[in-house]
Amino acid sequence: MLRTGAAVAATALIGSAAAGPGSAWYRRVDKPGYQPPSAVFPIAWTLLYGDIAVTSAYALDNAAEPEKRSLRAALAVNLVLNASWSWVFFRAHRLGAATAVAAALTASSADLSRRVATTHPVGRACAAYPAWCAFATVLSAGIWRRNR
């Protein structure tokens, strides 16, 4: 649990470092009407990161040895994509590329969620993660369309 929690916490810190305390650029970006209030994002991501850490650690503890290696790899890819999105979106301002990263993160989080859920029913709690990432992909695409 400690290593998984540390990896997820590092992902959260790296990703949030890109966003900064409030981007002047982001405040000027034209956003779709379905964007939630900004206070929703830290709450949602805190809950999701906690969920990822707990369910992934539980899955790793309960998976058969051959599955552990592929589960670790899936988690690592997912966390890299997760942290990358913020850097592509907030720092590089590459909205099309950020949409592609969000789509890849959605696919990766669905795969991770599936892998975690196969180890034990408690893993089904990870299902909110790909749902949120899918919404984030739609939101990223909407922002990209409005700001070309």
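Reader: How do you know that helix α4 spans about what is expected for its number of residues?

Author: In this predicted model, where local features need pLDDT of at least 70, side-chain atom pairs count only at pLDDT 80 or more, and totals for chains, interfaces and linings use all residues, α4 (residues 65-91; a helix is a DSSP run of H or I of at least four residues, numbered from the N terminus) has 27 residues and reaches 39 Å from its first C-alpha to its last. The expected span is 1.5 Å times one less than the number of residues, which gives 39 Å here, so the reach of α4 is close to the expected value. Residues are numbered from 1 along each chain as its sequence is written, and side-chain values use heavy atoms, with hydrogens and water left out.

Reader: What makes the contact of α3 with α6 nonpolar, polar or charged?

Author: Contact means heavy atoms within 4.5 Å, and among the residues that meet are Phe41 and Trp45 in α3 and Tyr129 and Trp132 in α6. Ala, Val, Leu, Ile, Met, Phe, Trp, Tyr, Cys and Pro count as nonpolar, Asp, Glu, Lys and Arg as charged, and the others, Gly among them, as polar; the contact divides into 11 nonpolar, no polar and no charged residues, and is therefore nonpolar by this definition.

Reader: What makes a set of residues a nonpolar core, and how many residues has the largest?

Author: The set must consist of buried (under 20% relative accessible area, 1.4 Å probe, protein chains only) Ala, Val, Leu, Ile, Met, Phe, Trp, Tyr and Cys residues joined through side-chain atoms within 4.5 Å. The largest such core has 34 residues, and Phe89 and Tyr129 have the most contacts inside it. Helix α4 gives the most to this core, with 9 residues. Tyr129 touches, among others, Trp45, Leu48 and Ile52, not counting residues up to four places away in sequence.

Conventions: Helix = DSSP H or I, 4+ residues; strand = E, 2+ residues; numbered from the N terminus. Buried < 20%, exposed > 50% of the residue type's maximum accessible area, 1.4 Å probe, protein only.
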